[in-house]
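Student: Could we go through the enclosed spaces of this model, and after them the contact between its chains?

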Amino acid sequence: MYTQALNNLDLAPDGTDPREARFMARIDAEERIEPNDFMPEAYRKTLVRQIAQHAHSEIIGMLPEGNWITRAPTLRRKAALLAKVQDEGGHGLYLYCAAETLGKSREAMMDELVDGRAKYSSIFNYPTLTWADIGMIGWLVDGAAIMNQIPLCRCSYGPYARAMIRICKEESFHQRQGYEQIMTLAAGSPEQKAMAQDALDRWWWPSIMMFGPSDSESVHSEKSMAWKIKRFTNDELRQKFIDATVPQAHRIGLTIPDPDLRLDEETGHWQIGPIDWEEFKRVLSGDGPCNADRIAARKAAQENGAWVREAALAHAEKRKARAAEPIAA
Amino acid sequence: MTTLALKGLSPHLTYLLRLADDQLILGHRLSEWAGHAPMLEEDIALANIALDHIGAARALYQHAATLHGDGLTEDDYAYRRDTRDYLNALLVERPNGDFAHTIVRQLLYSAFALPLWQALMTSSDTTLAAIAEKSEKEARYHVRHAGDWFVRLGDGTGESKARMDAAIAALWPYGGELFETDATLAAAIEAGVAADPAAIEPLWRDTIEAAFDESGLPLPDRPGRQTGGRSGRHTEHLGFLLAEMQHLQRAYPGQRW
């Protein structure tokens, strides 16, 4: 093929593609890579996988929270939760658009989500059983997400980095809102405080696991660090989250469900007990409490909406055809 | 927290609650779509419209609570009244059904709400006039959003047209109630607080006829006869909606959330 021949011509005498060296030099110089710039295929693939997973997490995340919009206990909380879920839809939309700049369509990504090929954040495979779970998602889940996402604002791929700037602003608002919600419960009746503690007991470890496997076990970390898609390791980010969150729990009189938790006076870091990675793997591989329900809900939305999307396309085609018709005399 | 049974309300307060209840119940219904809409853009749009309605409901309940006194709050109206004390039109409590039902319900209501807010901008109740001014801007978008979908779905495919026909057949009977006048409303109109639905109906009809015309869907020629919401005689659906909405306030009465 012509393009292939052209590519071959571009190779340096040692058989490497000189564009790759230029690409790495740009990365090292902290330049942003834009959609039409050269990028190695593996870089593109890594980004598409990561951005699509992130987008899927936003729209799957709408489900456990959406669950409580109709049951929010006050009108103020109802409006705030609805606005939060709407923000998440918006995040999903920018992220799908960012992934589309790398040549993959939103439809293809959605198909991979509903047929189980694509992953999303495992945290959303846990159920929201009480109102306190909504606060806990804001405080812990969005709190953990921000730790991961703030460094992504400096990610080497321009469209992703720019999408993250807006997303981080909204997520940090959600995190504060969630903490305020839990603070209100913790200061409320004994039943409300118990509701908050029970939610913390259930969400703490899954939130800790959101940072992914330990550095020694992480499959994608090293390459992503070299490409400046990732700036900190999973364990570094996890520790930042723990150090920020433990004092917040103590301040409102809640107990972190970890008997081994202790403050290391020397380093100033909070040390946690062992993480149950078997549970992480079980939920990730599809056996969490809500995996099947979440996928079924997305699939239903996609299937039930197919006729609407077809009608919109058909109408647009008809309009175009009508506009092209000569005006009758 | 005991149930709030409101007896002997003034026409002015009753009118505010009727308006607010329409907004809350329709906002609640639209919020049920979050995460389940036919496309991500509609998840966002329907949530946005739901937020407008819930925002208007809150402003109206807060205003009613101030007039009412007794230390009532917006949440007392929303969470402590039972079915017979809710005063929304039956149309807005009808279930979402498929997307066609949601769009038809929204157009029938928004085409009424837009000229209503416009008329209320000169209400003698200046707080209500200020709420109307804000809501009018939002209602313009609601009419455009529902109207565009009404045309797309009516004109789109055989299936979308059939679904629209079914949705119109199901919901048209609930349109007429929006324009009814009873003694309470007549008194509120007389006081310069409320808008006269007789003046709004032709404007509603213009919007509706234009949408039917552009979509190619046939305009029903029978009047809408289902009624009762304004005096608390609802369809069976409202009780379930309230049971869900009020669950926490009923299970843990008198708490701060």
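Tutor: This is a predicted model, and a good place to begin is the lining of the largest cavity, to which α4 (75–100), α6 (131–149) and α7 (158–186) of chain A each supply at least two residues.

Student: What is the volume of the largest cavity?

Tutor: Cavities count here from 30 Å³ upward, and two of them pass by that rule. The largest cavity is lined by residues of chain A, including A:R77, A:W131, A:H174 and A:Q181. Its volume is about 80 Å³.

Student: How do the residues of the lining of the largest cavity divide into nonpolar, polar and charged?

Tutor: The lining includes A:L81 and A:I134, together with A:K84 and A:Q177. Glycine is counted as polar in this scheme, and A:G135, A:G138 and A:G178 are among the lining residues. The division is therefore to be read with that convention in mind, and it comes to four nonpolar, six polar and two charged residues.

Student: Which helix gives the largest share of the lining of the second largest cavity?

Tutor: The second largest cavity holds about 50 Å³ of space, and its lining comes from chain B, with B:Q23, B:D52, B:W117 and B:H142 among the residues. Three helices of chain B, namely α2 (40–68), α5 (99–120) and α6 (126–155), each supply at least two residues of that lining. By class the lining divides into four nonpolar, four polar and two charged residues. The largest share, four residues, comes from α6(B).

Student: Turning to the chains, what area is buried between chain A and chain B?

Tutor: The contact takes 46 residues from chain A and 47 residues from chain B. Carbon and sulfur atoms give 67% of the area buried between the two chains. The buried area itself is about 4100 Å².

Student: Which side chain of chain A meets B:E41 in a salt bridge?

Tutor: Two salt bridges are counted between chain A and chain B. In the one that involves B:E41, the distance from N to O is 2.5 Å, which lies within the 4 Å allowed for a salt bridge. The partner of B:E41 is A:R106.

Student: Which element gives the largest share of the side of chain A that touches chain B?

Tutor: Between the two chains, 16 residue pairs are in polar contact, with both residues at pLDDT 80 or more. The elements that give two or more residues to the side of chain A that touches chain B are α3 (41–66), α4, α7, α8 (190–209), α12 (291–304) and α13 (306–324). By class, that side has 24 nonpolar, 11 polar and 11 charged residues. Its largest share, 14 residues, comes from α4(A).

Terms used
Residues are numbered from 1 along each chain as its sequence is written. Chains are lettered from A and ligands numbered from 1 in the order in which they are written. This is a predicted model: local features need pLDDT of at least 70, side-chain atom pairs count only at pLDDT 80 or more; totals for chains, interfaces and linings use all residues. Side-chain values use heavy atoms; hydrogens and water are left out. On a 1 Å grid over the protein atoms alone, a cavity is a set of points where a 1.4 Å probe fits but cannot get out, and a pocket is an open set with protein on both sides within 12 Å along at least five of seven lines; lining residues have an atom within 4 Å of a point. Grid points are joined across faces, edges and corners, and a volume is the space filled by probe spheres set on the points. Contact means heavy atoms within 4.5 Å. Buried area is the accessible area (1.4 Å probe) that two parts lose on being put together, summed over both. A polar contact is a pair of N or O atoms within 3.5 Å; within protein, one must be able to donate a hydrogen and the other to accept it, and residues adjacent in sequence count only if both atoms are side-chain atoms.
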